[in-house]
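Biologist: Before I use this model at the bench, I should like to learn how its features are read. Would you take me through them in order?

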Amino acid sequence: MAFAGKYEFEGDENYDAFVQKIGLPSDKVEMGRNCKIVTEVVQNGNDFTWTQHFPGGHTTTNSFTVGKEADMETMGGKKFKATVKMEDGKLVADFPNYRHTAEISGGKLVEISTSSGVVYKRTSKKIA
């Protein structure tokens, strides 16, 4: 499945409950609420560079190869190691306190994060 492209935040569900569950600091919570994040995905086979551009110039970039351990960073800025897997056309990564999946559905980037039964869904439309 081709993930490559630029995607702009379109909408989300359950943001407040999710960030509260994972213990995101309040300054990061406010920064992320209804934030027009632009996600840029560069894909070369199983190699990915996944960059999120936040308003104000902050970016977070994770580079990884499907099936190999990589250094990653959470949206809260914590660094950790994870192995991203491909399951049924979805990228799946286990972060320190939540599971994150990403897929292309109907031409949109759909990301779902789950922590202790709380599900956060973010949808982004393709812009390039």
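Modeller: We shall discuss the overall fold, the sheet, the hairpins and the interior space in turn.

Modeller: This is a predicted model, in which local features need pLDDT of at least 70, side-chain atom pairs count only at pLDDT 80 or more, and totals for chains, interfaces and linings use all residues. Residues are numbered from 1 along each chain as its sequence is written, and side-chain values use heavy atoms, with hydrogens and water left out.

Biologist: How many helices and strands does the chain have?

Modeller: Helices (H or I, at least four residues) and strands (E, at least two) are DSSP runs, numbered from the N terminus. The chain has two helices and 11 strands. From the N terminus on, their order is β-α-α-β-β-β-β-β-β-β-β-β-β.

Biologist: What radius of gyration does the chain have?

Modeller: The radius of gyration is taken over C-alpha atoms, and the globule rule is 2.2 Å times the number of residues to the power 0.38. For 128 residues a compact globule would come near 14 Å, and the chain has 14 Å, which agrees. Along the principal axes, the C-alpha atoms fill a box of roughly 35 × 30 × 25 Å.

Biologist: In which order do the strands of the open sheet lie?

Modeller: Two strands pair if DSSP finds at least two bridges between them. In a regular strand the side chains alternate between the two faces of the sheet. Here an open sheet of nine strands follows the order β4-β3-β2-β1-β11-β10-β9-β8-β7, with antiparallel pairing. Its edge strands, β4 and β7 (85-87), each pair on one side only. From one strand to the next, the twist averages 25°; axes are lines fitted to C-alpha atoms, for helices over the stretch in contact, and angles run from 0 to 180 degrees between N-to-C directions.

Biologist: Which residues are bridge partners, and where do the turns have a positive phi?

Modeller: Strand β1 (residues 5-13) is joined to β2 (residues 38-44) by four bridges, and G5 has V41 in β2 as its bridge partner. Between β2 and β3 there are seven bridges, including the one that pairs Q43 with F48. That hairpin has two residues between the strands, and G45 takes a positive phi near 65°.

Modeller: β3 and β4 are likewise joined by seven bridges, with D47 opposite T65. Their hairpin has five residues between the strands, and G56 in the turn has a positive phi of about 95°. Further along, β10 and β11 pair over eight bridges, and E111 has R122 as its partner in β11. In this hairpin S116 takes a positive phi near 50°.

Biologist: How many cavities does the model contain, and which residues line the largest?

Modeller: Rolling a probe the size of a water molecule over the atoms shows where empty space is left. On a 1 Å grid over the protein atoms alone, a cavity is a set of points where a 1.4 Å probe fits but cannot get out, and lining residues have an atom within 4 Å of a point. Grid points are joined across faces, edges and corners, and a volume is the space filled by probe spheres set on the points. The count is two cavities of 30 Å³ or more, and the largest holds about 350 Å³. It is lined by 23 residues, of which W50, N62, F95, H100 and E111 are the closest to its centre. Among the elements that give two or more residues to this lining are β3 (47-53), β4 (59-65) and β10 (108-115).

Note on methods:
1 Å grid on protein atoms, 1.4 Å probe; cavity = no way out; pocket = protein on both sides within 12 Å on 5 of 7 lines; lining within 4 Å.
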